[in-house]
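Colleague: Please take one part of this model and go through it closely. I would like to see how that part fits with what surrounds it.

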Amino acid sequence: MRTKQTVLNQLDCILPAKSVNEGVARSVVGAFLLQMDPTVEDLSDLKCATSEAVTNAVVHGYRRQNGEGGDGCPVFLSLAILPERVVRVTVKDNGCGIEDVAEARAPLFTTGPAGERSGMGFSVMEAFTDRMTVRSRPGKGTKVTLYKKMK
Ligand SMILES: Nc1ncnc2c1ncn2[C@@H]1O[C@H](COP(=O)(O)OP(=O)(O)O)[C@@H](O)[C@H]1O
Ligand SMILES: [Mg+2]
């Protein structure tokens with residue numbers, strides 16, 4: 001049985017899968033977490049990790065090569081402040097999903113067009129946070145959850 005996590009404050013937003021919203025997501029993280037008086041480093045780490053997850057929803061989840069999705073391609077971003085200065089970020093899409101999550105998480109693995117993507121997005125998310133979970137169902141979508149304890 002899993003106990004529900006206590007949430008002290010929360011922000012949910014839905015963004016269409018457009019690459020411009022990678023930057024919007026960064027700004028949303030900055031605006032919402034200001035109340036925690038975060039260090040510059042913690043904040044920039046979380047912005048980076050969040051934007052990698054949003055980028056993946058846009059370019060892989062909805063397979064928008066030029067980053068221009070729209071209606072019908074929602075990216076769900078949820079930010080939550082948990083006890084003990086832990087921040088939880090979830091990024092969810094209703095896109096194509098991932099067949100093999102372990103393979104996708106491996107450094108340098110990419111299904112992106114040759115030379116265009118580094119295959120390091122998940123590695124960046126893991127390096128810049130304390131914990132990352134990835135749940136995905138082919139044809140249904142993907143949910144990435146990131147946890148970071150702020151200084
Ligand atoms: N939201 C997603 N929906 C579908 N596939 C995804 C998603 N996120 C990641 N992937 C898959 O995992 C791979 C690795 O992602 P990542 O580490 O960010 O590298 P990159 O984005 O550079 O390919 C992607 O190439 C893609 O195949
Ligand atoms: Mg990526």
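Modeller: A crossing of two helices is called left-handed if the near helix is turned anticlockwise from the far one by less than a right angle, and right-handed if it is turned clockwise. The part I have picked is the packing of helix 1 against helix 2, in what is a predicted model. Their crossing is right-handed.

Two packed helices are described by the angle between their axes and the distance between the axes. Here helix 1 spans residues 20-33 and helix 2 spans residues 40-61. The angle is about 145 degrees, and the axes lie 8 Å apart.

Now the residues in the contact. Helix 1 contributes Asn-21, Glu-22, Ala-25, Arg-26, Val-29, Gly-30 and Leu-33. Helix 2 answers with Leu-43, Leu-46, Lys-47, Cys-48, Thr-50, Ser-51, Val-54, Thr-55 and Val-58. By type, eight of these contact residues are nonpolar, five are polar and three are charged.

Next, the sheet. It is open, with five strands in the order 1-2-3-5-4 and antiparallel pairing. Strand 1 (9-16) and strand 4 (131-137) form the edges, each pairing on one side only. From one strand to the next, the twist averages 10 degrees. Strand 1 runs antiparallel to strand 2 (residues 74-82), and eight bridges join them. In that pairing, Leu-11 is opposite Leu-79 of strand 2.

Both helices pack on this sheet. Helix 1 touches strand 1, strand 2 and strand 3 (86-93). Its direction makes about 165 degrees with that of strand 1. Helix 2 touches strand 2, strand 3 and strand 5 (141-149). The direction of helix 2 makes about 10 degrees with that of strand 3.

Last, ligand 1. Around it are 20 residues, of which Asn-56, His-60, Thr-110, Thr-111 and Gly-119 come nearest. Three polar approaches are worth looking up. A polar side-chain atom of Thr-110 is 2.5 Å from an oxygen atom of the ligand. Asp-93 places a polar side-chain atom 2.9 Å from a nitrogen atom of ligand 1. For Phe-122 the partner is a polar backbone atom, 2.9 Å from an oxygen atom of ligand 1.

Definitions and conventions. Residues are numbered from 1 along each chain as its sequence is written. Chains are lettered from A and ligands numbered from 1 in the order in which they are written. This is a predicted model: local features need pLDDT of at least 70, side-chain atom pairs count only at pLDDT 80 or more; totals for chains, interfaces and linings use all residues. Side-chain values use heavy atoms; hydrogens and water are left out. Axes are lines fitted to C-alpha atoms, for helices over the stretch in contact, and angles run from 0 to 180 degrees between N-to-C directions. Helices (H or I, at least four residues) and strands (E, at least two) are DSSP runs, numbered from the N terminus. Contact means heavy atoms within 4.5 Å. Ala, Val, Leu, Ile, Met, Phe, Trp, Tyr, Cys and Pro count as nonpolar, Asp, Glu, Lys and Arg as charged, and the others, Gly among them, as polar. Two strands pair if DSSP finds at least two bridges between them. A residue is near a molecule or strand if one of its heavy atoms lies within 4 Å of it. A polar contact is a pair of N or O atoms within 3.5 Å; within protein, one must be able to donate a hydrogen and the other to accept it, and residues adjacent in sequence count only if both atoms are side-chain atoms.
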